[in-house]
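Reader: I should like to learn how a set of computed structural features is to be read. May we work through one example together?

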Amino acid sequence: NGRTERRFPNQLRIVSYSSMGTNISLIRMPDSLNINRNNIIIAYGFSGSQRRFCNPECFAAFIGVLAQYGIADVNSTGMCFGDATSYPSVSHPNGDSIDTVYVNNHTNQQNLLNAFVDWNFTEVIAGTNFQSWLLNAHRYAADHNNHLHSGNFDSATIQVINN
């Protein structure tokens, strides 16, 4: 992925990304959505993040996740910045991953995780605090105890439909 990370004794961490030699297509996500049509809810907001850019295919899949989930309680802590970087996160360059704040209902959280998996996010990481009941995550890690990471969206699964 072209990422270099160096850690120093005083806990300073420097992360740099090398150029991939190609332009990355990104869109700026709306600051929030709240659509309810024919009992299909597509809603989200941001929480404490300016990482509001993503690649168009990933945004389309995120809209699909929200429509499948259907509850207006999703808050995102972001994807990437307009230059395709994601500092301090090292797992969001190029806008193909999204973090969401955990919802306060176990059933709803499981349904949201399942929707991300169903929509071809191939690296869904849940916190270790949730390992005992939140099923189907690809991995569990303590640095995800305060958010669900849904990443590495597989854009090869997108089908373009021309009407």
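Author: The discussion below moves from the overall fold to the helix pair, the salt bridges and one strand residue. Please keep in mind that this is a predicted model.

Reader: Let us begin with the fold. How many helices and strands does the protein have, and in what order do the elements run?

Author: A summary of secondary structure gives the counts, and the order along the chain then adds the topology. Here the protein has two helices and eleven strands. Read from the N terminus, the order is β-β-β-β-β-β-α-β-β-α-β-β-β.

Reader: What share of the residues is buried, and what share of the contacts with a separation of 6 or more joins residues 24 or more positions apart?

Author: Of the 163 residues in the protein, 39% are buried. Among contacts with a separation of 6 or more, 60% are between residues 24 or more positions apart.

Reader: How do helix H1 and helix H2 pack?

Author: A helix pair is described by an angle, a distance and a handedness. Helix H1 covers residues 56-69 and helix H2 covers residues 106-118; their axes lie 9 Å apart, at an angle of about 140°. H1 is therefore oblique to H2, since only angles over 145 degrees would count as roughly antiparallel. The crossing of H1 past H2 is right-handed.

Reader: Which residues meet in this contact, and how do they divide by character?

Author: H1 contributes Phe62, Val65, Gln68 and Tyr69, while H2 contributes Asn108, Asn111, Leu112, Asn114, Ala115, Phe116 and Asp118. The residues of this contact comprise six nonpolar, four polar and one charged.

Reader: I turn to electrostatics. How many salt bridges are counted, and which residues are linked in a network?

Author: A pair is judged by the distance between a side-chain nitrogen and a carboxyl oxygen, with a cut-off of 4 Å. The count is four salt bridges, and Arg28, Asp31 and Arg52 are linked in a network. Asp31 pairs with Arg28, their closest N and O atoms being 2.9 Å apart. Asp31 also meets Arg52 in a salt bridge, again at 2.9 Å from N to O. This second pair links distant parts of the chain, 21 residues apart: Arg52 is in the loop between strand E5 (40-46) and strand E6 (53-54), and Asp31 is in the loop between strand E3 (27-28) and strand E4 (32-37).

Reader: Are the members of this network buried or partly exposed?

Author: The deciding value is 20% relative accessible area, under which a residue counts as buried. Arg52, at 12%, is buried. Asp31 is partly exposed at 41%, and Arg28 is likewise partly exposed at 44%.

Reader: What of the salt bridge between Asp99 and Arg51?

Author: The closest N and O atoms of Asp99 and Arg51 are 3.6 Å apart. Asp99 belongs to strand E8 (residues 98-100) and Arg51 to the loop between E5 and E6, so this pair ties together parts 48 residues apart in sequence. Both Asp99 and Arg51 are buried.

Reader: Finally, where is Arg139 found, and what does Arg139 touch?

Author: For a single residue, one reads the element, the accessibility and the neighbours in turn. Arg139 is in strand E10 (residues 139-140) and is partly exposed, with a relative accessibility of 42%. Leaving aside residues up to four places away in sequence, Arg139 touches Glu123, Val124, Ile125 and Ala126. Between Arg139 and Ile125, which are 14 residues apart along the chain, the C-alpha separation is 4.9 Å.

Terms used. Residues numbered from 1 in each chain as written. Predicted model: local features only at pLDDT ≥ 70, side-chain atom pairs only at ≥ 80, totals over all residues. Heavy atoms only, no water. Axes fitted to C-alpha atoms, helices over the stretch in contact; angles between N-to-C directions. Helix = DSSP H or I, 4+ residues; strand = E, 2+ residues; numbered from the N terminus. Parallel < 35°, antiparallel > 145°, perpendicular 65-115°, else oblique. Left-handed = near helix turned anticlockwise from the far one by under 90°. Contact = heavy atoms within 4.5 Å. Nonpolar A, V, L, I, M, F, W, Y, C, P; charged D, E, K, R; others polar. Buried < 20%, exposed > 50% of the residue type's maximum accessible area, 1.4 Å probe, protein only.
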